[in-house]
Amino acid sequence: SVGNHFQTDVSWNTTKGIQHNGNISSLISIFNHEEFIINFLQSDIKIENDLWTLNESNEISIIGSNIRFSEFDISNNEQKFKLDGWIADNPASTLSIQFENFNISGIDHFIQSGNVNLGGFIHGTASLSNVYDKPLFSSNLTLDKLSLNNQLFGSGKLLASWKHLEQKISVLGQISSPAGQYTSVSGFYFPYQQENALDVKLKFI
């Protein structure tokens with residue numbers, strides 16, 4: 001530690017449940033007890049067999065309960081997950097979540113259901129605001145090569161929004177197969193349920 005700047009290095013290796021390991025290095029600048037900045041340096045996280053790398057130009061600014069993400073990019077080959085914006089007291093402040101070639105097969109680990117095997121890629125943007133009161137979440141995503149339990153449905157659009165009172169995410173979309181068949185997608189995802197967290201219906205049109 002030199003003055004109000006110091007570097008941290010954290011490494012871990014977990015073999016129980018979802019296997020993951022990583023090494024995260026960061027430079028922390030402290031200005032006072034409520035204001036500091038975190039810059040992550042060369043950092044890698046491996047989840048199962050996927051190695052994710054954190055962009056070194058990232059910055060997280062924390063001022064009291066307000067958190068600003070800037071150029072916070074995590075990538076795995078052509079997959080990218082990016083955070084940019086604010087989590088703040090101001091309800092109008094928004095955190096943007098961007099997906100690029102994001103493989104949704106990894107979501108299986110978090111659904112907690114042995115009956116669901118998702119596949120495919122998502123592209124697009126989601127937004128999160130008013131986190132400290134009544135969170136608002138919405139997304140407009142493009143699906144590519146969507147499959148469920150090894151059955152290919154195709155590509156299309158997916159809209160999602162957070163239902164605060166029910167503590168669930170509403171999902172609505174439409175998928176078209178290479179043969180020109182359309183499938184509507186509707187249902188809910190319950191992130192706080194340990195079992196049966198995904199309740200989605202597929203209807204052939």
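The largest pocket in this predicted model holds about 1700 Å³ of space. Its lining takes in 47 residues, and those closest to the pocket centre are Phe102, Ile104, Ile107, Ile122 and Tyr189. As for what the walls are made of, the lining residues split into 36 nonpolar, 8 polar and 3 charged. Strand S11, which runs over residues 136–148, supplies the largest share of that lining, with 6 residues.

Next come the aromatic rings, which make 9 pairs in total. One of these is Phe40 with Phe72, an edge-to-face arrangement with 6.0 Å from centre to centre and 75° between the planes. Phe40 sits in strand S3 (residues 35–40) and Phe72 in strand S7, so this contact joins distant parts of the chain, 32 residues apart. Neither ring partner is left out in the open: Phe40 is buried, with a relative accessible area of 17%, and Phe72 is buried too, at 11%.

A second pair, Phe81 with Phe99, counts as tilted because the ring planes meet at 55°, with the centres 5.5 Å apart. Here the partners come from strand S8 (Phe81) and strand S9, residues 94–103 (Phe99), so the pair ties together parts of the chain that are 18 residues apart in sequence. Their surroundings fall into separate classes: Phe81 is partly exposed, with a relative accessible area of 22%, whereas Phe99 counts as buried at 17%. The cut-off between the two classes is 20% relative accessible area. Both residues also belong to a cluster in which ring pairs link Trp52, Phe81, Phe99 and Phe102. Phe102 turns up again here, having already appeared among the residues closest to the centre of the largest pocket.

One more ring has a charged neighbour: Lys168 lies over the face of Phe188, at 3.7 Å from the ring centre.

Then there is the backbone. Most residues other than glycine have a negative phi. Asn77 goes the other way, with a positive phi of about 55° although it is not a glycine. Asn77 is found in the loop between strand S7 (66–76) and strand S8 (79–87), and with 75% relative accessibility it counts as exposed. Gln167 is another non-glycine residue with a positive phi, again about 55°. Its place is the loop between strand S12 (151–163) and strand S13 (168–176). At 30% relative accessibility, Gln167 counts as partly exposed.

Technical notes. Residues numbered from 1 in each chain as written. Predicted model: local features only at pLDDT ≥ 70, side-chain atom pairs only at ≥ 80, totals over all residues. Heavy atoms only, no water. 1 Å grid on protein atoms, 1.4 Å probe; cavity = no way out; pocket = protein on both sides within 12 Å on 5 of 7 lines; lining within 4 Å. Points joined across faces, edges and corners; volume = space filled by probe spheres on them. Helix = DSSP H or I, 4+ residues; strand = E, 2+ residues; numbered from the N terminus. Nonpolar A, V, L, I, M, F, W, Y, C, P; charged D, E, K, R; others polar. Buried < 20%, exposed > 50% of the residue type's maximum accessible area, 1.4 Å probe, protein only. Phe/Tyr/Trp six-rings, centres within 6.5 Å; stacked < 30°, edge-to-face > 60°. Lys NZ or Arg CZ within 6 Å of the ring centre and 35° of its normal.
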